[in-house]
Amino acid sequence: MTLWLVRHAFPLIDKSICYGQLDVPADPQATTSCAKELLNVLPKSITVISSPLQRCELLAHVFIGSQPDLTVKKDPKLQEMSFGQWEGRAWADIDKAELDAWTDDFASYRAGGTGESVDQFMTRVAAAFDALDPSKDALWVTHAGVIRAATLIARGIRHISRADEWPTHAPAYGQWCKLTLPTQRNHHGHQP
């Protein structure tokens, strides 16, 4: 099976702001452009699952408007990582000691004090990954962090302990990538 991972179009928020689960809109024109490009290459009968955050939902709605036979399910497990009290703050205004504490204990430290740890985030994304029907191609309309986590999970990595183990690459806004997955998987995403 193929898991398509599309990142929402660029959000209408200053790029210096931390906005993991902050529900900000995406640029409507860029969203429409992304949907048109992606619909040209997607298989016709694909399962579409979207983060419920509006920057992803908008893209899912444009898909439905362009191809009415598509159905979209919302899944909160596909939301970006929660950055807790850092949400909506400029990255430059977050105390360096807090950021250092996060990178020093990357697996367990709850971002922003009340947000998610990377372990919690990876577990959440892995639950969505494990729920995929291995007999059907799927499209996740989601966020860069979820895409990075999914690429690790597809390789059988469900826990990382250091910040330098976190992937740095993700598709640009409004772009996508594909993961080819075995049709037979056990609960850890591997072939049995």
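Let's call a residue buried when its relative accessible area is under 20%. Keep that cut-off in mind while we walk through this predicted model.

Strand β1 is a good place to begin. Six of its six residues are buried, so β1 is largely enclosed by the rest of the structure. You can check this face by face: T2, W4 and V6 are buried on one side, and L3, L5 and R7 are buried on the other. As for its neighbours in the sheet, β1 runs antiparallel to β5, with five bridges joining the two. One place to look is T2, whose bridge partner in β5 is T180. With β4 the pairing is parallel, again over five bridges; here L3 stands opposite A138. Before leaving the strand, have a look at R7. Its charged end sits over the ring of Y173, 4.0 Å from the ring centre.

Next, the helices. Helix α2 covers residues 54–66, which makes 13 residues. From first C-alpha to last it reaches 18 Å, close to the 18 Å expected at 1.5 Å a residue. Its buried residues are R55, C56, E57, L59, A60, V62 and F63. If you're reading that list against the helix, remember that an α-helix has 3.6 residues a turn, so residues three or four places apart point the same way. And what lies over the buried residues of α2? The cover includes β1 (2–7), α1 (28–39), β2 (47–50), β3 (72–74) and β4 (138–142).

For a close-up of α1, pick T31, which is located in that helix. T31 has a relative accessible area of 1%, so it counts as buried. Leaving aside residues up to four places away in sequence, T31 touches A9, A26, L58, L59 and V62. Two of these names, L59 and V62, also appear among the buried residues of α2.

Now for the cysteines. How many disulfides are there? The count is zero. Take C18: its sulfur is 16 Å from the closest cysteine sulfur, in C56, and that is too far for a bond. C18 is also buried, because its relative accessibility is 0%. C177 is in no disulfide either, with the nearest cysteine sulfur, that of C34, 12 Å away. Unlike C18 at 0%, C177 has 22% relative accessibility and so counts as partly exposed.

Last stop: the aromatics. Searching the whole structure turns up seven aromatic pairs. One of them is F83 with W91, an edge-to-face pair at 5.7 Å centre to centre and 80° between the planes. F83 is buried because its relative accessibility is 11%, while W91, at 31%, is partly exposed. Then there's F106 with W166: the ring centres are 6.4 Å apart and the planes meet at 65°, so this pair is edge-to-face. Where do these two residues sit in the chain? F106 is in the loop between α3 (96–104) and α4 (118–130), and W166 is in the loop between α5 (144–154) and β5 (176–180), so the pair ties together parts that are 60 residues apart in sequence. Both F106 and W166 are buried. Step back from the individual pairs and you'll find one aromatic cluster made of F83, W86, W91, W102, F106, F121 and W166.

Note on methods
Residues are numbered from 1 along each chain as its sequence is written. This is a predicted model: local features need pLDDT of at least 70, side-chain atom pairs count only at pLDDT 80 or more; totals for chains, interfaces and linings use all residues. Side-chain values use heavy atoms; hydrogens and water are left out. A disulfide is a pair of cysteine sulfur atoms within 2.5 Å. Buried means under 20% relative accessible area, exposed over 50%, partly exposed in between (1.4 Å probe, protein chains only). Helices (H or I, at least four residues) and strands (E, at least two) are DSSP runs, numbered from the N terminus. The expected span of a helix is 1.5 Å times one less than its number of residues. Contact means heavy atoms within 4.5 Å. Rings of Phe, Tyr and Trp (its six-membered ring) pair if their centres lie within 6.5 Å; planes under 30 degrees apart count as stacked, over 60 as edge-to-face and the rest as tilted. A charge sits over a ring if NZ of Lys or CZ of Arg is within 6 Å of the ring centre and within 35 degrees of the ring normal. Two strands pair if DSSP finds at least two bridges between them.
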